Amino acid sequence: MIELAAAFAVAGAASNAVGTAFQRKAAAASSRGGIRLLAELVRRPFWMIGMAGVICAALFQSLALVNGPLALVQPLFILELPFALLIAAPLMHRRLPRSGWWGVGACVTGLAVLLIAAAPHGALDQAPLTRWIPALCLCVGAMAATVLLAAPGRPAARRAALLAAASATGNALTAALLKSASGTFADHGFLAFLRSWQTYGFALTGVAAVLLLENALQAGPLAAAQPTLTIGDAVVSLALGITLFDERIRTGWWLVPEAGGAVLIVAGVLVLSRAVQHLHLLQVPAEEEAAT
């Protein structure tokens with residue numbers, strides 16, 4: 001089932017990338033923030049396409065989490081970054097430079113090395129309330145702190161990164177709650193799913209994460225928001241998988257290739273972040289440019 005979980009996670013990463021790219025295009029044209037930003041975006045076709053991508057990503061993520069550990073599924077969402085840039089470049093009438101392709105290769109290779117070496121295992125669906133309470137307090141507290149640090153007046157890139165970090169924490173917490181709720185649905189049916197507090201928990205945290213993401217994309221460049229979003233999601237999800245669901249990774253000498261894979265991922269993210277600043281403008285017909 002691990003292979004099936006990985007396949008669903010990759011599909012979820014691609015769907016989420018579509019959502020991020022189209023949401024970024026819609027949010028970039030607005031100067032509003034908070035709830036008013038969301039109220040304006042719901043009337044834009046590009047934002048609706050983006051939300052369709054996010055919904056598909058949630059479905060794929062649920063299927064992945066039912067079949068595999070959180071420590072495997074969420075790190076695979078790092079692939080969202082190269083997917084998002086490859087989708088966003090033509091959407092914004094840009095072409096990724098050669099260095100960007102090296103970044104994509106580094107991210108994919110590093111992720112493969114890291115996950116093969118770590119071999120996440122131990123996929124419990126449920127955790128006792130004594131574990132959930134501190135996890136919820138830490139995650140919600142971290143989200144609140146980063147939002148406060150991202151107050152208006154800060155540099156745009158810093159605000160985007162901080163809001164993306166809050167969204168990443170919300171995404172990871174949503175995934176943990178979704179894993180528990182999906183396990184309840186698979187084991188006990190729809191009525192038990194509706195009675196589970198985790199069902200309403202992941203709905204609330206998911207909405208909060210989406211709202212934070214919209215403001216992060218509107219606050220500053222994608223190069224600042226997207227790396228923080230994807231890497232932060234993977235790191236927090238790994239911590240939640242280990243502390244909540246007793247998931248484990250290989251240690252000992254396996255830490256060497258795991259560290260090597262992590263370094264490749266970070267290097268790839270940094271290269272992709274710089275490549276975004278040097279996207280080459282593509283020539284498009286005037287009427288198409290006017291339509292966008």
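Helices α8 and α10 cross with a left-handed turn. In this predicted model, α8 covers residues 156-188 and α10 covers residues 197-219, and the two pack at an angle of about 160°. Helix α10 also meets α7, and α7 in turn carries one partner of the salt bridge described below. Let's walk through these pieces by topic.

**Helix α8 against helix α10**

- The axes of α8 and α10 lie 8 Å apart.
- Angles over 145 degrees count as roughly antiparallel, and α8 and α10 are therefore roughly antiparallel to each other.
- On the contact between α8 and α10, you will find 16 nonpolar residues, eleven polar ones and one charged residue.

**Helix α7 against helix α10**

- Helix α7 spans residues 129-149, and its axis comes within 13 Å of the α10 axis, with a crossing of roughly 15°.
- Since angles under 35 degrees count as roughly parallel, α7 is roughly parallel to α10.
- This crossing of α7 and α10 is left-handed.
- From α7, the contact uses Leu 129, Trp 132, Leu 136, Met 143 and Val 147.
- From α10, the residues taking part are Trp 197, Gln 198, Ala 208 and Leu 212.
- By class, the contact of α7 with α10 has eight nonpolar residues, one polar residue and no charged residue.

**The salt bridge**

- Side chains of opposite charge can pair when their charged atoms come close.
- The structure holds one salt bridge, and the partners are Arg 131 and Asp 246, whose closest N and O atoms are 3.0 Å apart.
- Arg 131 sits in helix α7, while Asp 246 belongs to the loop between α11 (222-245) and α12 (255-276), so the pair ties together parts that are 115 residues apart in sequence.
- Arg 131 has a relative accessibility of 30%, so this residue counts as partly exposed.
- Asp 246 is likewise partly exposed, with a relative accessible area of 31%.

**Ala 17 in helix α1**

- Ala 17 is part of helix α1, which runs over residues 2-27.
- With a relative accessible area of 0%, Ala 17 is buried.
- Leaving aside residues up to four places away in sequence, Ala 17 touches Glu 80, Phe 83, Ala 84 and Ile 87.
- Pro 82 is 65 residues from Ala 17 along the chain, and the C-alpha atoms of these two residues are separated by 8.3 Å.

Conventions
Residues numbered from 1 in each chain as written. Predicted model: local features only at pLDDT ≥ 70, side-chain atom pairs only at ≥ 80, totals over all residues. Heavy atoms only, no water. Axes fitted to C-alpha atoms, helices over the stretch in contact; angles between N-to-C directions. Helix = DSSP H or I, 4+ residues; strand = E, 2+ residues; numbered from the N terminus. Parallel < 35°, antiparallel > 145°, perpendicular 65-115°, else oblique. Left-handed = near helix turned anticlockwise from the far one by under 90°. Nonpolar A, V, L, I, M, F, W, Y, C, P; charged D, E, K, R; others polar. Contact = heavy atoms within 4.5 Å. Salt bridge = Lys/Arg side-chain N within 4 Å of Asp/Glu carboxyl O. Buried < 20%, exposed > 50% of the residue type's maximum accessible area, 1.4 Å probe, protein only.
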